[in-house]
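Me: I am new to this structure and would like to go through it with care. Please show it to me, and then I will ask how its descriptions are justified.

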Amino acid sequence: MNSATASLEQGVLDLGTPCVANLSMCKTPIRQMRPNTWVANKSVLQHRRQPFTRLMSSRQRFSRVYATPTSMEAANVGAKSSTEDNSRQFQKLHDVVIVGGGIAGLSTALALHRLGIKSLLLEQAEQLRTAGAAIGLWTNAWKALEVLGVADSLRKKFVKFAGIELLEQDGSCLLSLRLDEGPSDLELRGVERKALLEALKEPLPDGAVIYESRVIGIRKLAGGYTEVECENGDIIQTKVLIGCDGIGSVVAKWMNMGEPRFAGYAATRGLAVYPDGNNLHNKAKQILGRGVRAGIAPMDANRAYWFVVFNSSGERVTDAELVRKEALDYVKGWSSTITEAINRSSPDTLSRRGIADRWMWPAGGPPLCNNGVTLAGDAMHPMTPNLGQGGCCALEDAVILARALSKALVSNDSRQLNESPEFDLKELERINLALKSYTDGRWRRILPLSIRSYMIGVLLQSDSELVCSVRNKLLPKLFKLERLIDHSLFDCGTLQ
């Protein structure tokens, strides 16, 4: 129990947005389709249960990436022949193309914009994504948001937490921690996801985000640049391709990253509204049960974010009222603090997803960057939410990646692919070195967090009566504030 308790000391507050995954897979998963051969489109991502043969029955189900599955040489031949197609001539070469308009994608685009580097962000939705109730942002996230220039506008809208409480099922307090006893820059706030995305999007120039642009094809061009094809027919070439398209990332699958691993439990989330005030006194609370836990955190005087995490087979439920009923059943007889929050949530804020992660191993698997292509956010490091660090680390990614690329890119807005038969090999070499530097630093930061978060989840989701009893008795004696916050004090640095 000593080692288990030590892991538990390192963090128990779930304030992050859970990583989510549809864990069903078609008979031929996308990750088994080698880069430069085939990349799945919307049909595969949304209907993975369909057999591969059925998916192939319609020519529109897949978009071909113009290369053979055998070698890069064959890919280069395909690239040369494709330039003969008149519809592909005079394509502008972009410095950076970002796939995915979530936290990682928008923050990366904004970081590059602050450095004077133009990027094109491709988002498959019709408009800015607003799904998901809220996210807990720790000190490391606020440092990144300050660099991006949007921290102060968000601070005005969302309260700073004064403390954290761990409770029994009946509401009795196991442990109370005051955050003002920590470092002077310690900061934790619950931020509405929609407000965060809007703050990151607002400073971007017109045309920086292209909606309804689902990427269905990726290939390498002769010389090392990358081309992406969208479902709407757009063909876009770029020096750098960054996959920020979440846990089901098309770019990650093209890079042969493994499927995220289901953690054995699911999370239901929602946003409660209190017209007369939430009476939470700016404190985040987590309630610990057997195989079930719940939490609630204020966002402002009249709203609070809540979650219920429970052991599950990972099936997906989309009916809002069934989601609400299930959450209430899991916390039946618990403190009214959580049951009231569940009942005060409108159906459009309710969601239920399985929790999954994938660890960033530095060796033994596909490289984290590949010839001008890399990943950020959940596309690179889907993480269980037990440390509340998924979104925080995505913001770190944005600043560090943009800083690295700024030292490598030589922009030329007027350049077109067919105007220059010679590729700038020196620039490509700088880009690859920059991406390697970025991924080398990120796995050292993210891998320990991912393992730590996973182990905490194992302890908190235990359904053993003995384990839970010992856990609850030892928490007040052994849990220390510094063990909870040490990982959140990371500073991503400036953009320069």
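Me: Where does helix 13 bend, and by about how many degrees?

Reply: This is a predicted model, in which local features need pLDDT of at least 70, side-chain atom pairs count only at pLDDT 80 or more, and totals for chains, interfaces and linings use all residues. Residues are numbered from 1 along each chain as its sequence is written, and side-chain values use heavy atoms, with hydrogens and water left out. Helix 13 bends by about 30° at Trp443, where the bend is the angle between axes fitted to the seven residues ending there and the seven starting there. Helices (H or I, at least four residues) and strands (E, at least two) are DSSP runs, numbered from the N terminus.

Me: What span is expected of helix 13, and what does it reach?

Reply: The expected span is 1.5 Å times one less than the number of residues; for the 36 residues of helix 13 (425–460) that is 52 Å, and the helix reaches 51 Å from its first C-alpha to its last, which is close to the expected value.

Me: What makes the sheet of 7 strands have edges, and which strands stand there?

Reply: The strands form an open sheet in the order 7-6-14-15-16-13-17, with mixed pairing, and two strands pair if DSSP finds at least two bridges between them. Strand 7 (173–178) and strand 17 (351–357) each have a single partner strand, so one side of each is left without a neighbour in the sheet.

Me: How many bridges join strand 13 and strand 16, and in which sense do they pair?

Reply: Strand 13 (residues 261–273) and strand 16 (residues 303–311) pair in the antiparallel sense over 9 bridges, and among the partners Leu271 is matched with Tyr305 in strand 16.

Me: Why is the phi of Glu212 worth a remark?

Reply: Most residues other than glycine have a negative phi. Phi of Glu212, however, is near 55°, a positive value in a residue other than glycine, and Glu212 is found in the loop between strand 9 (209–210) and strand 10 (215–220). His281, also not a glycine, has a positive phi of about 55°, and His281 lies in the loop between strand 13 and strand 14.
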